[in-house]
Amino acid sequence: MMYFAPWKIALIAVLCIASVIFSIPSFFPAAQVATWPNWLPKRQISLGLDLRGGAHLLLEVDTGVVLRERLEAVVEGARNELRQARIGYTNLGVSGSNGVALRLRDPTQAEQARQLLAKLGNPVQSTAGLGFGAAQTDLQINVAADGQIRMTLSEAALQERARSAVTQSIEIVRRRIDQTGVAEPTIQRQGNDRILVQLPGVDDPERIKRLLGTTAKLTFRMVDTNADPNMPAPAGTEILEGDKPRVPNAPAERFVVKRKVEVAGDNLVDAQAGYDQRSGQPIVSFRFDTVGGKRFAEITQQSVGLPFAIVLDNKVLSAPVIREPILGGSGQISGNFSVTEANDLAVLLRAGALPAPLKVVEERTVGPDLGEDSIRAGLISVAVAACLVVVYMVLAYGLFGLFADVALLVNLVMTLAAMSLLQATLTLPGIAGLLLTLGMSVDANVLINERIREETKLGKSPIAAMSAGFSRAFSTIFDANVTTLIKMALLYALGSGTVKGFAVTISIGILTSMFTATVLVRLMMVTWLRQRRPTLLPV
């Protein structure tokens, strides 16, 4: 227990020196660290939103839009199926909040109609009623004797679509933010239909809000040139406004666009901002995948001389006339963009469309000045706490207290080095965790020193008293730290961003304090004991 092999002493020294080296970059500005030679460590502790400043957004997913889109798809599918089968119907449309209704002209065709409409259902995994993992359709079809048919979405389908919409929205939000270059963002689900977004260091939160608030559902549809945009839209079409008026302060141009989507934005594989070689105006170039490119080529071959609307979130970006077939699977979007607008549109298209609109329900902006004040106050509190602990340990335990103070300093350095290597985020609660780590670190040495003092009073020799003090206090120290680690693991698993920062800091501090209190302090005591060979321990 009181013997250290040379290789162990060397390993302890290497760990301590490495901790100092890896913690140094965190005390210098990032710009200065970037100029250091490549062989020097450059990783720094990532500062959280409350220390670095930035934007805090709480977004709500409008899952009702997903439901309405599904019902409209059922209406279009029912219209096509019944027309192809030559089954007469009336009053087809969305009925209520989650259903589609129609009436057959000939009630004797009800069974045939039911079989055709059943094809419109999508499979939904459900554990209710059909056994675990059994598949069922999302449509429930009820046929009345008078030919009235009502199709409703099942409860399992509603829950699955809402869950899927939120999950998909989180992934797309993450892609969009990654495209902007924001470092260390926090993006996580909160509740059933909300997404928490924290962006440290963001100096233009309005741009982020625009990016996240845009659904970016891109479609390519034909323009009905025979319809008047100032009159009611014919069946199968709708009237959409242009994204921007051609003349400033003029009303937006109106287009009669067919509801049928010829090519969807889901088939895009790339989008890049650039400049038109002829006009020099900012544009967005796009490229389809194999399926989308083939469909795009077919449509442009069949529609030469006709306008083709590029629609983004029910706004027509442009409606160019197809001059010749486009067979390469790529094209460009022009719409009087500024450079920033073109870049943002390219980001949106590359990240993909949101399944439902996002609404900002809570917004907070933390300025960098407030973050600097928090850092300054946190450092002062850590320094004051460390000084008080150092003075107390020296007064209470003399030389052994001084050893504990050295271990305390090493523990703090090792914690910072570990957080730098792991790229852990330091938050304001994390600074509180550092303070608590100081207390827990010396707590172990208090237990050891008190045990050594008791063994010395019993008349044991210095080496026997030290050996008994470490061995008998170790089980208590180990049990206390393990239970605290379990609590921190639960906090990390169940807590939010700032709580997770606190849990990470405490967990790292516990592991380093176990090393410094039971290994480093023991090495210093043994070295002093072998050099001085005292007859009485200074405890």
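This report describes a pocket, three loop residues and several salt bridges in a predicted model.

## The second largest pocket

The second largest pocket encloses a volume of about 720 Å³. Its lining comprises 22 residues, and those closest to the centre are Ser26, Leu47, Ile375, Leu379 and Leu426. By class, the lining consists of 17 nonpolar residues, four polar residues and one charged residue.

Several secondary structure elements contribute to this lining. At least two residues each come from strand E1 (46–47), helix H3 (49–52), helix H10 (368–422) and helix H11 (428–457). The most is given by H10, which supplies eight residues.

## Loop residues with positive phi

Most residues other than glycine have a negative phi. Arg86 departs from this pattern, with a positive phi of about 55° although it is not a glycine. Arg86 belongs to the loop between helix H4 (63–84) and strand E3 (89–95). Its relative accessible area is 74%, so Arg86 is classed as exposed, the threshold being over 50%.

Asn314 also has a positive phi, in this case near 60°, and is likewise a residue other than glycine. The loop that holds Asn314 runs between strand E17 (308–312) and strand E18 (315–318). With a relative accessibility of 48%, Asn314 counts as partly exposed.

## A buried aspartate in a loop

Asp276 is located in the loop between strand E15 (268–275) and strand E16 (282–288). Because its relative accessible area is 12%, and the buried class covers values under 20%, Asp276 counts as buried. When residues up to four places away in sequence are not counted, Asp276 touches Gln281, Ile283 and Gln332.

## Salt bridges within helices

Side chains of opposite charge can pair when their charged atoms come close. The structure holds 20 salt bridges. One of them joins the side chains of Glu171 and Arg175, with an N to O distance of 3.7 Å. Both residues lie in helix H6 (residues 155–180); because they are four residues apart there, about one helical turn separates them. Each partner is partly exposed, Glu171 at 35% relative accessibility and Arg175 at 39%.

In helix H11, a salt bridge links the side chains of Glu454 and Arg451, at 3.4 Å from N to O. Glu454 and Arg451 are three residues apart in that helix, about one turn. Glu454 is partly exposed, with a relative accessible area of 42%, and Arg451 is also partly exposed, at 27% relative accessibility. This pair belongs to a network in which salt bridges that share partners join Arg451, Glu454, Glu455, Lys460 and Arg472. Helix H11 is also one of the elements that supply at least two residues to the lining of the second largest pocket.

## A salt bridge between distant parts of the sequence

Lys209 and Glu363 form a salt bridge in which the closest N and O atoms are 3.0 Å apart. Lys209 is in helix H7 (residues 205–213) and Glu363 is in strand E20 (residues 358–366), so this pair ties together parts that are 154 residues apart in sequence.

Which accessibility class do these two partners fall into? Lys209 is partly exposed, with a relative accessible area of 22%. Glu363, at 36% relative accessibility, also counts as partly exposed.

Definitions and conventions:
Residues numbered from 1 in each chain as written. Predicted model: local features only at pLDDT ≥ 70, side-chain atom pairs only at ≥ 80, totals over all residues. Heavy atoms only, no water. 1 Å grid on protein atoms, 1.4 Å probe; cavity = no way out; pocket = protein on both sides within 12 Å on 5 of 7 lines; lining within 4 Å. Points joined across faces, edges and corners; volume = space filled by probe spheres on them. Nonpolar A, V, L, I, M, F, W, Y, C, P; charged D, E, K, R; others polar. Buried < 20%, exposed > 50% of the residue type's maximum accessible area, 1.4 Å probe, protein only. Contact = heavy atoms within 4.5 Å. Salt bridge = Lys/Arg side-chain N within 4 Å of Asp/Glu carboxyl O.
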